[in-house]
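Hi everyone, thanks for making time. Could you pull up the sequence and the structure on your screens, so that we can walk through them together?

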Amino acid sequence: MPKQPCKPCSPKPALTNRPLLDMRQAQTLESVFKMLASSTRLRMLHALACAGELCVGELADKLEMTPQAVSNQLQRLAERGIVEAKRDGLQIWYSIIDPCVLSLLNEGWCLAEDAQERILTDAEQIAS
């Protein structure tokens, strides 16, 4: 199935120019982070980012998971508007529909690597 490009995010003010999050906004943001706080779903999103789109069977093979487990997680991501499903005959193809997810995945990975590097550097300095 041909790859469909992600639609760009609508323009938003810079983080520092936005008013302080109200409780409802903070809870919505928390639910997004909770949805992404799964090693399985993060691996799925990375695989989808690399491939553009995958069917359940291909994604299950890549992640060494059962198709049923993959399908369950993809359904949760689809319900949140993070991925979309398109049927092509008997196959259902999934792709990431919001480029913000790609940025967030990339920035989160960068943060994790940099934090780990800082921790190791601090531990080496303490030890010497």
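**A sheet and a helix**

Let's start with the hairpin: strand S2, residues 83–88, and strand S3, residues 91–96, run antiparallel and are joined by six bridges. Please keep in mind that this is a predicted model.

Go along the pair with me. At one end, Val83 in S2 stands opposite Ile96 in S3. Glu84 has Ser95 in S3 as its bridge partner. Further along, Asp88 is bridged to Gln91, again in S3. Between the two strands there are two residues, and in this hairpin Gly89 takes a positive phi near 70°.

Now for the remaining strand. Which strand does S1 join, and through how many bridges? S1 covers residues 54–55, and two bridges link it to S3, with the two strands running antiparallel. One pair to click on is Cys55 with its bridge partner in S3, Trp93.

Put together, the three strands make an open sheet with antiparallel pairing, in the order S1-S3-S2. That leaves S1 and S2 as the edge strands, since each of them pairs on one side only. Helix H2 packs on this sheet and touches S1, S2 and S3, and its direction makes about 95° with that of S3.

So let's turn to that helix. H2 runs over residues 39–51. Does its length fit what we would expect, or not? With 13 residues at 1.5 Å each, the expected span is 18 Å, counting one less than the number of residues. The C-alpha atoms at its ends are 18 Å apart, so the two values agree.

Which residues of H2 are buried? They are Arg41, Met44, Leu45, Ala47 and Leu48. Around the axis they cover an arc of only 160°, and therefore they sit on the same side of H2. Have a look at the other side of H2 too, where Ser39 and Cys50 are exposed.

One last stop on the chain. Just after H2 comes Gly52, and this glycine takes a positive phi of about 90°.

To recap, we have an open sheet of three strands in the order S1-S3-S2, with H2 packed on it and touching each of S1, S2 and S3. Thanks for listening, and please jump in with questions!

Notes
Residues numbered from 1 in each chain as written. Predicted model: local features only at pLDDT ≥ 70, side-chain atom pairs only at ≥ 80, totals over all residues. Heavy atoms only, no water. Pairing = 2+ DSSP bridges. Helix = DSSP H or I, 4+ residues; strand = E, 2+ residues; numbered from the N terminus. Buried < 20%, exposed > 50% of the residue type's maximum accessible area, 1.4 Å probe, protein only. Arc of directions from axis to C-beta. Contact = heavy atoms within 4.5 Å. Axes fitted to C-alpha atoms, helices over the stretch in contact; angles between N-to-C directions.
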